[in-house]
Amino acid sequence: MRVSAHRLTPGADLKTALEQLVPAQDLRAGCILTGVGSLSSARLRMPGAAGEADVFRSYDGPVEIVALSGTLSPEGLHVHIVLSCPDGSCVGGHLVTGCIVATTAEVVIGELADVEFRRPVDPATGYGELSVEPRQPEG
Amino acid sequence: MRVSAHRLTPGADLKTALEQLVPAQDLRAGCILTGVGSLSSARLRMPGAAGEADVFRSYDGPVEIVALSGTLSPEGLHVHIVLSCPDGSCVGGHLVTGCIVATTAEVVIGELADVEFRRPVDPATGYGELSVEPRQPEG
Amino acid sequence: MRVSAHRLTPGADLKTALEQLVPAQDLRAGCILTGVGSLSSARLRMPGAAGEADVFRSYDGPVEIVALSGTLSPEGLHVHIVLSCPDGSCVGGHLVTGCIVATTAEVVIGELADVEFRRPVDPATGYGELSVEPRQPEG
């Protein structure tokens, strides 16, 4: 596994920054190994039942990034996050745009060596779901 | 470290699926590097004081897996999980059977190269606790 | 990436134990890959706005370590933690001294190969922030 560490600076949009790491680090089968930092404002997609309209919630900072997990590839990111609020309580959900770095975000990414992550639509769920495939030579 | 990525499909029991990865991937010193997904229903063991009866709580989905951590080996798993609920609040605890995958679960597992995880009972705690030992040749 | 696994025993202070791993494992660019366990008591620093006095909260155990993330190097640790309480609710924040291991803590640490983590003060935030630099030969 090839590993890289990154510090995001104040004002960065966390999801956009992760998306930009995909071509910058040539990630074809990336996963988040660790992530910590702080956000000045946050927006998450809530869990929902299939077929329901997506629900988003916004949170005023300062909040801490206390867990960051997921996979990254050219066909898409699937990243979940847990935030802690000033009273210590935690909120979490699916990372979407609108999570803005306050002072810093430290993210360590691993890139698997011999596979690549594809996201073909799975008829069972209606979403592009992770498919772990043998790595193809670059075209 | 040898690394493998896996997608679990709807209806899978998360703990059972992780247990099945141990022989399938020949894990002798495995750890969860990242885990995201959704559950249609969940059941967790709560923290408790030594000597108290175990307490379990069940949660109706949809909930998101927002953090998944722990170690895996033939002598047992020790996995903790954080879930986010439709209102964004988080619950967490010790992973037990009864966490059923809704649409997907993506799990990346690392296998340490030169050691193996054993779980001898520690008289100080009464539990089989992690012991990191030099890897033995396979019998 | 070089990887090591560690079990902390009852009574250990989690932050102090992680700090001791830095020289013991010669970590110059370490990150937490996974962490699970239990605490008999906990103390966290809450998120706060720049310029405000730090706020700490204490929690009586038993609580579970359900997520542990961050970076480690000789110039400092930046570690965030999520704990689950006996009712399943989660609290989180910045790891400080005062988190005491109850029965066990299992921590897996990765050390990046070609870089080292420095923490020069960033005038934009007033804190020592992560800087990922080429690894220097040891003096």
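Trainee: Which residues touch the most other members of the largest nonpolar core?

Mentor: This is a predicted model. In it, that core has 101 residues, and those touching the most other members are Val82(A), Leu83(A), Val82(B), Leu83(B), Val82(C) and Leu83(C).

Trainee: What makes this set a nonpolar core?

Mentor: Membership asks for buried residues of the nonpolar kinds, joined through C-beta atoms within 7 Å. The 101 residues satisfy that as one set.

Trainee: What lies apart from that core?

Mentor: Another core, of 15 residues, lies apart from it, with Phe117(A), Phe117(B), Met1(C) and Phe117(C) among them.

Trainee: Which residues does Leu83(B) touch, leaving out those up to four places away in sequence?

Mentor: Leu83(B) touches Leu39(B), Ala42(B), Tyr59(B), Val63(B), Glu64(B), Ile65(B), Val66(B), Cys90(B), Val91(B) and Gly92(B). A touch here means C-beta atoms within 7 Å.

Trainee: Why is strand E4 of chain B called mostly covered?

Mentor: A residue counts as buried when 20 or more other C-beta atoms lie within 10 Å of its own. In E4(B), residues 76-84, eight of the nine residues are buried, so the strand is called mostly covered.

Trainee: How many residues of E2(B) are buried?

Mentor: In E2(B), twelve of 16 are buried, and that strand is mostly covered too.

Trainee: How do you know which strands E4(B) pairs with?

Mentor: Two strands pair if there are at least two bridges between them. E4(B) has nine bridges to E3(B), residues 56-73, and five to E5(B), residues 90-95. Each count meets the requirement of at least two bridges, so E4(B) is paired with both strands. The pairing with E3(B) is antiparallel, and so is the pairing with E5(B).

Trainee: Which residues stand opposite Ser84(B) in these pairings?

Mentor: Glu64(B) stands opposite Ser84(B) on the E3(B) side, while Cys90(B) in E5(B) stands opposite Ser84(B) as well.

Trainee: What joins the strands of these hairpins?

Mentor: Two residues lie between E3(B) and E4(B). Five residues lie between E4(B) and E5(B), and in that hairpin Gly88(B) has a positive phi near 90°.

Trainee: Which strands pair with E2(B)?

Mentor: E3(B) is joined to E2(B) by ten bridges, E6(B) by nine and E5(B) by two. Two bridges just satisfy the requirement of at least two, so E5(B) still counts as a partner. The sense is antiparallel with E3(B), with E6(B) and with E5(B).

Trainee: What are some of the facing residues?

Mentor: Ser38(B) has Glu64(B) of E3(B) as its bridge partner. Ile32(B) is opposite Ile109(B) in E6(B), and Arg45(B) has His94(B) of E5(B) as its bridge partner.

Trainee: How do you know that chains A and B are related as by a three-fold axis?

Mentor: A turn of 120° with a shift of 0.0 Å along the axis lays chain B on chain A, with an RMSD of 0.0 Å. The two copies are therefore related as by a three-fold rotation axis. They use different surfaces, with 17% of the contact residues of chain B recurring in chain A.

Trainee: What makes up the contact between chains B and A?

Mentor: On chain B there are 29 residues in contact with 35 residues of chain A. E1 (2-8), E2 (30-45), E3, E4 and E6 (100-111) of chain B each supply at least two residues to that side. E3(B) gives the largest share, seven residues. By class, the side of chain B has 17 nonpolar, nine polar and three charged residues.

Trainee: Why are the surfaces between chains A and C called different?

Mentor: Only 17% of the interface residues of chain A are also interface residues in chain C, so the copies meet through different surfaces. Chain A has 29 residues in contact with 35 of chain C, and E3(A) gives the most to the side of chain A, with seven.

Trainee: Why does the radius of gyration of chain A agree with a compact globule?

Mentor: For 139 residues, a compact globule would have a radius near 14 Å; chain A has 16 Å, which agrees. The C-alpha trace of chain A spans about 50 × 35 × 20 Å along its principal axes.

Trainee: What is chain A built from?

Mentor: Chain A has one helix and ten strands. Buried residues make up 45% of its 139 residues.

Notes: Residues are numbered from 1 along each chain as its sequence is written. Chains are lettered from A and ligands numbered from 1 in the order in which they are written. This is a predicted model: local features need pLDDT of at least 70, side-chain atom pairs count only at pLDDT 80 or more; totals for chains, interfaces and linings use all residues. Copies are superposed by least squares on the C-alpha atoms of residues with pLDDT of at least 70 in both. Two residues are in contact if their C-beta atoms, placed from the backbone, lie within 7 Å. Helices (H or I, at least four residues) and strands (E, at least two) are DSSP runs, numbered from the N terminus. Ala, Val, Leu, Ile, Met, Phe, Trp, Tyr, Cys and Pro count as nonpolar, Asp, Glu, Lys and Arg as charged, and the others, Gly among them, as polar. The radius of gyration is taken over C-alpha atoms; the globule rule is 2.2 Å times the number of residues to the power 0.38.
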